[in-house]
Amino acid sequence: MAPAAIEVCQLTKDYPSVRALDNLNLAVRQGECFGLLGPNGAGKTTLMKLLLNLISPSSGSVHIFNQSVKNDFLRERIGYLPEKVKIYGFLTGSEFLDYQGKLYGMNRTIRKSRTEECLKTVAMYEDRFRRIGEYSKGMVQRIGMAQALLNNPELLLLDEPAAGLDPISNKEMRDILLRLKEAGVTIFINSHLLSEIEMLCDRVAILHRGHMVRTGTKQELTSQGEIIELCVEGINDQLLETIRAVSTQVKVEGNNIQLHPQDAKTISALPELIIKHGGKLLSLTTRMESLEDIFYRLIKEEENNHE
Ligand SMILES: Nc1ncnc2c1ncn2[C@@H]1O[C@H](COP(=O)(O)OP(=O)(O)OP(=O)(O)O)[C@@H](O)[C@H]1O
Ligand SMILES: [Mg+2]
C-alpha cells in the first residue's frame with residue numbers, strides 16, 4: 001500500500017460558537033485522488049485550512065508526508081486553491097504568478113518558464129497581460145489554479161475548484177486534474193459537483209456538521225445497488241402504499257416515482273401492480289446509484305439519526 005500523504009488523527013476544531021470538526025480521523029494515500037463531500041457548513045474548508053496549518057486545531061494532529069503540518073517547509077510540496085481566491089486586482093495574471101514564484105524562492109528563469117507553463121495549462125496565456133481586476137469569475141478561478149500548480153506540487157488541496165467555471169471550463173479542469181493524477185500527484189478535493197467527484201476520485205469521505213459520516217470507494221458506499229425510476233399517470237395513495245411495501249426510499253415528484261426495490265422480483269412485479277391500482281405506466285428505467293444518490297441517502301440517514 002502506498003505511504004500516507006495525509007493523516008488526520010482525532011482532530012477537533014472549535015470556533016467560539018460552533019464545533020466545526022469533531023474527532024475526525026482520515027488517511028489519504030500518496031497518488032490517491034480523494035473527494036471530501038459535505039453540505040454547507042460541514043467543515044470542509046476548516047479541514048483544508050488545518051491541513052495547511054493556516055489555523056490551529058483545538059485538539060488532535062495533522063500530518064502530511066509523515067511530518068507535522070507545523071513544519072513550514074512542507075508548503076513547498078503543496079499546492080492550494082482556496083475557496084475564495086483573493087488576488088490583487090491591479091496585477092496582471094502574469095505579474096501575479098511571477099510574484100508567487102518569488103515567494104517560493106524561484107529564480108527568474110524558473111519563474112518565467114513555470115509561469116508560462118501554468119498559464120497555458122489553465123488556458124489563460126492569451127489573457128496574461130490583462131489586469132486581474134478585469135477578469136471574469138471563472139478567469140480568476142483559473143489563475144488561482146495556475147498559482148496552485150506553480151511549484152509543481154506533490155499534493156494538491158483544492159477547495160471547490162469548479163466554482164464559477166462554465167461546463168466547458170469545468171471539463172478542462174477535470175482533464176488537468178486527471179493528467180496530474182496520472183503523473184502521481186495526490187489530490188484532495190472538495191466540491192459540490194458530485195458528478196465531477198465521481199469521475200475523478202478513487203475514494204470519498206462524507207462530512208456532516210463536523211462528523212465523518214462515511215469513507216470509502218463508491219462501491220463501498222453503495223449498499224442499495226439499483227434505483228428504479230417510474231413515470232406513472234394517475235398516481236394515488238393506494239398505489240404508493242403498495243410500492244412502499246415492496247421497496248425503500250420511495251420519492252415522488254409529479255408523475256415520477258423513484259425507488260430502491262427490495263429484490264429483482266419486485267422489479268418484474270411493478271407494471272402489474274401499477275395497473276391493478278389504476279395507474280398507467282409510461283416508462284420504467286433502471287440505473288445504478290450515483291454518488292449524488294449515495295450522498296443524499298447518507299446525509300438523510302445521518303439527519304434522521306440525530307433527530
Ligand atoms: N472563522 C470562523 N469563525 C467562526 N466560525 C467559523 C469560521 N469559519 C468557519 N466557521 C464555522 O465552522 C463551520 C464549518 O464551516 P466551513 O467553512 O468549514 O464549512 P464548509 O463545509 O466549507 O461549507 P461550504 O460548503 O459552505 O463552503 C460552520 O458552522 C461555520 O460557520
Ligand atoms: Mg467551504
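Helices and strands are taken here as DSSP runs, of at least four residues for a helix and at least two for a strand, and they are numbered from the N terminus. In this predicted model, helix 1, which spans residues 44-51, lies across strand 1, strand 2 and strand 4, and its direction makes an angle of about 120° with strand 1.

The three strands crossed by helix 1 belong to an open sheet of 4 strands, arranged in the order 2-1-4-5 with antiparallel pairing. Because strand 2 (18-29) and strand 5 (67-68) stand at the edges of this sheet and have a single partner strand each, one side of each is left without a neighbour in the sheet. Within the sheet, strand 1 (residues 4-15) and strand 4 (residues 59-64) run antiparallel and are joined by 5 bridges. In this part of the sheet, Val8 is placed opposite Val62, a residue of strand 4.

Helix 1 also takes part in the surroundings of ligand 1, where it supplies the largest share of the shell, namely 3 residues. In total, 14 residues surround ligand 1, and the closest of them are Gly41, Lys44, Thr45, Thr46 and Glu83. When the residues of this shell are divided by character, 5 are nonpolar, 6 are polar and 3 are charged. Several polar atoms of the protein are placed beside oxygen atoms of the ligand: a polar backbone atom of Gly43 is 2.9 Å from an oxygen atom of ligand 1, while a polar side-chain atom of Thr45 lies 2.8 Å from an oxygen atom of ligand 1. A polar side-chain atom of His192 likewise lies 3.0 Å from an oxygen atom of ligand 1. Of the 640 Å² of accessible area that ligand 1 has on its own, the protein covers 64%. The elements that contribute two or more residues to the shell around ligand 1 are strand 2 and helix 1, and strand 2 is also one of the edge strands of the sheet described above.

Further along the chain, another open sheet is formed by 4 strands in the order 12-13-11-14, with antiparallel pairing. Its edge strands are strand 12 (247-253) and strand 14, each of which pairs on one side only, and the twist from one strand to the next averages 20°. Strand 11 (residues 226-233) pairs with strand 14 (residues 280-288) in the antiparallel sense over 8 bridges, and the pairing of strand 11 with strand 13 (residues 256-261), also in the antiparallel sense, extends over 4 bridges. Glu229 has a place in both pairings, since this residue stands opposite Thr285 in strand 14 and has Gln258 as its bridge partner in strand 13. Cys231, in turn, stands opposite Asn256 of strand 13.

This sheet, too, is crossed by a helix: helix 10, which comprises residues 291-305, lies across strand 11, strand 12, strand 13 and strand 14, and runs at about 105° to strand 12.

How values were computed
Residues are numbered from 1 along each chain as its sequence is written. Chains are lettered from A and ligands numbered from 1 in the order in which they are written. This is a predicted model: local features need pLDDT of at least 70, side-chain atom pairs count only at pLDDT 80 or more; totals for chains, interfaces and linings use all residues. Side-chain values use heavy atoms; hydrogens and water are left out. Two strands pair if DSSP finds at least two bridges between them. Contact means heavy atoms within 4.5 Å. Axes are lines fitted to C-alpha atoms, for helices over the stretch in contact, and angles run from 0 to 180 degrees between N-to-C directions. A residue is near a molecule or strand if one of its heavy atoms lies within 4 Å of it. A polar contact is a pair of N or O atoms within 3.5 Å; within protein, one must be able to donate a hydrogen and the other to accept it, and residues adjacent in sequence count only if both atoms are side-chain atoms. Accessible areas come from the Shrake-Rupley method with a 1.4 Å probe; for residues, only the protein chains shown count as cover. Ala, Val, Leu, Ile, Met, Phe, Trp, Tyr, Cys and Pro count as nonpolar, Asp, Glu, Lys and Arg as charged, and the others, Gly among them, as polar.
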